[in-house]
Amino acid sequence: MTSGDKAITCPFDFSEGLEFDPSLAALMDRGSIARIRLPYGDADAWLVTGFEQVQQVTTDQRFSRAGIMGSDFPRLTPEPIVSAESINVMDPPHSSRLRHLASQAFTQRQVDAMRARITRLADALLDEMAEQGPPADLVGHLSNPLPQHTVFDLLGIPRGDWSRMQQNLQRLLATGPDSRTTAAAAKTELRDYFTALVEQRRSTPGNDLISALATARDGEDTLDDQEVAVMALTLTLSGQDTATCQISDICYLLLTRPELMKRLRSRPETLTDVLNELLRVIPFRKGVGIPRVAREDVEMAGVRIRRGDFVHVSYLAANRDPQRYPNPQAIDPDRPPAPHMTFGWGGHRCIAVPLAMAELEVAIGRLLDRFPGLRLAVPPQEIVWDTQTIRRFPIELPVAW
């Protein structure tokens, strides 16, 4: 197979509950590497689905994310979500430097402090839900506000700005053909906002993540204002994007699979292991994310990827590779631990994983503790799912107790 082969058109717009996208499953059946055409961008791309091959692409410096900038690269959204200055499109050693400095904001001490703040935020939200009484929308009461409030609180964003921030983030994630202009404007406004906030925190640092990023240092090396601003925007976007979807999706699975709910209630000490198995199997987004470009010809799994070819990886597919996970479609809470790719892999694995896991553990743990009779208030087939963004999650999740 070569770059001249006909590409398979892949809209990756499947939105039916948490069922796996059949078009992605069909691509996996064809082999670990296929040629695809996405809705936006002026070129085709390779799609890599096998776990070992995804590992290679994400750790092999012959594949560059920085090299995609300035091109109309293949993607799912009209406007590219990433900025050129984002750590998500940097290559080593520059990305390694930023990751090392930024990781100082996620030390165990910092995460322990975050967990206490997340717990207070979660309990306040669950207090409001209990006060309202059943039925209540779990998305509106917990899944949406907790990640939003957490990341805004940790970054020290004033409460008066939260609503505007959320509107801009939603515009940035839209996939409709008419959303390019509004997405570009939202990205500019967010960048300008964080740049001004960083300048303010330089002069008057506080107990927040932006201040921690601004004061992080390795010898004489520090992050400059623009680096901190883009890092804050990246954390804001990825922190909500994943956590919001996953809280809703995990709750949906627990509410529709009584054996999982019973398992967690009887053995709460297994919460983290069960969450990781659910994270592995949940298709929390559609299709693919940010591609890479080959810096030279690469032979992989019987395919020649030529210099200049775009290469996408599917973490969703890698998480279901039968060579890595026996019976991969099954949710097995007793599955032997094996790292999954939901938070990425290699040099672009999310640096905020400790924060994301703390959010999930607090949200699910406190919810089960406080609402022992929790159940869906409508039949599962009546749940409405998001179809307007690259994410997979229920728009509402009515519950009773």
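This text walks through a predicted model, beginning with one helix and passing on to a pocket, the cavities, a small set of strands and the cysteines.

A convenient place to start is helix H12, which covers residues 271-281 and contains Leu279. This helix is mostly covered, since 8 of its 11 residues are buried. The buried residues are Leu271, Val274, Leu275, Glu277, Leu278, Leu279, Arg280 and Val281, a list in which Glu277 and Arg280 stand beside residues such as Leu271 and Val274. In reading such a list it helps to recall that an α-helix has 3.6 residues a turn, so residues three or four places apart point the same way.

Leu279 deserves a separate look. Its relative accessibility is 0%, and because buried means under 20%, Leu279 counts as buried. Which residues surround it, once the neighbours within four places in sequence are left aside? Leu279 is then in contact with Gln246, Ile250, Asn319, His340, Thr342, Phe343, Met357 and Leu360. One of these partners, Asn319, lies 40 residues away from Leu279 in sequence, while the C-alpha atoms of the two are 9.1 Å apart in space.

Helix H12 also takes part in the largest pocket, which holds about 330 Å³ of space. In all, 21 residues line this pocket, and those nearest its centre are Asp273, Asn276, Glu277, Pro337 and Ala338. Helix H12 gives the largest share of the lining, 4 residues, and both H12 and helix H14 (353-370) supply at least two residues each. Sorted by class, the lining of the largest pocket is made up of 9 nonpolar, 3 polar and 9 charged residues. Glu277 thus appears in two places in this account, as one of the buried residues of H12 and as one of the residues nearest the centre of the largest pocket.

From the pocket we can turn to the enclosed spaces. Rolling a probe the size of a water molecule over the atoms shows where empty space is left. The count comes to 3 cavities of 30 Å³ or more, and the second largest cavity holds about 40 Å³ of space. Its lining consists of Phe20, Asp21, Leu24, Pro283, Arg285, Lys286, Gly287, Leu316 and Arg392, which by class gives 4 nonpolar, 1 polar and 4 charged residues.

Among the strands there is an open sheet of 3, in the order S5-S13-S12, with antiparallel pairing. Strand S5 (136-137) and strand S12 (375-376) stand at the edges with a single partner strand each, so one side of each has no neighbour in the sheet. Strands of a sheet pair through backbone hydrogen bonds, either parallel or antiparallel. Here S12 and strand S13 (residues 398-400) run antiparallel and are joined by 2 bridges, with Arg375 standing opposite Ala400 in S13.

The cysteines complete the walk. How many disulfides does the structure hold? The number is 0, and the distances for two of the cysteines show why they are unpaired, because a disulfide needs sulfur atoms within 2.5 Å. For Cys251, the closest cysteine sulfur is that of Cys245, at 13 Å, which is too far for a bond. For Cys350, the closest cysteine sulfur is again in Cys245, at 14 Å, also too far for a bond. As for their surroundings, Cys251 counts as buried at 2% relative accessibility, whereas Cys350, at 26%, counts as partly exposed.

Methods. Residues numbered from 1 in each chain as written. Predicted model: local features only at pLDDT ≥ 70, side-chain atom pairs only at ≥ 80, totals over all residues. Heavy atoms only, no water. Buried < 20%, exposed > 50% of the residue type's maximum accessible area, 1.4 Å probe, protein only. Contact = heavy atoms within 4.5 Å. Pairing = 2+ DSSP bridges. 1 Å grid on protein atoms, 1.4 Å probe; cavity = no way out; pocket = protein on both sides within 12 Å on 5 of 7 lines; lining within 4 Å. Points joined across faces, edges and corners; volume = space filled by probe spheres on them. Nonpolar A, V, L, I, M, F, W, Y, C, P; charged D, E, K, R; others polar.
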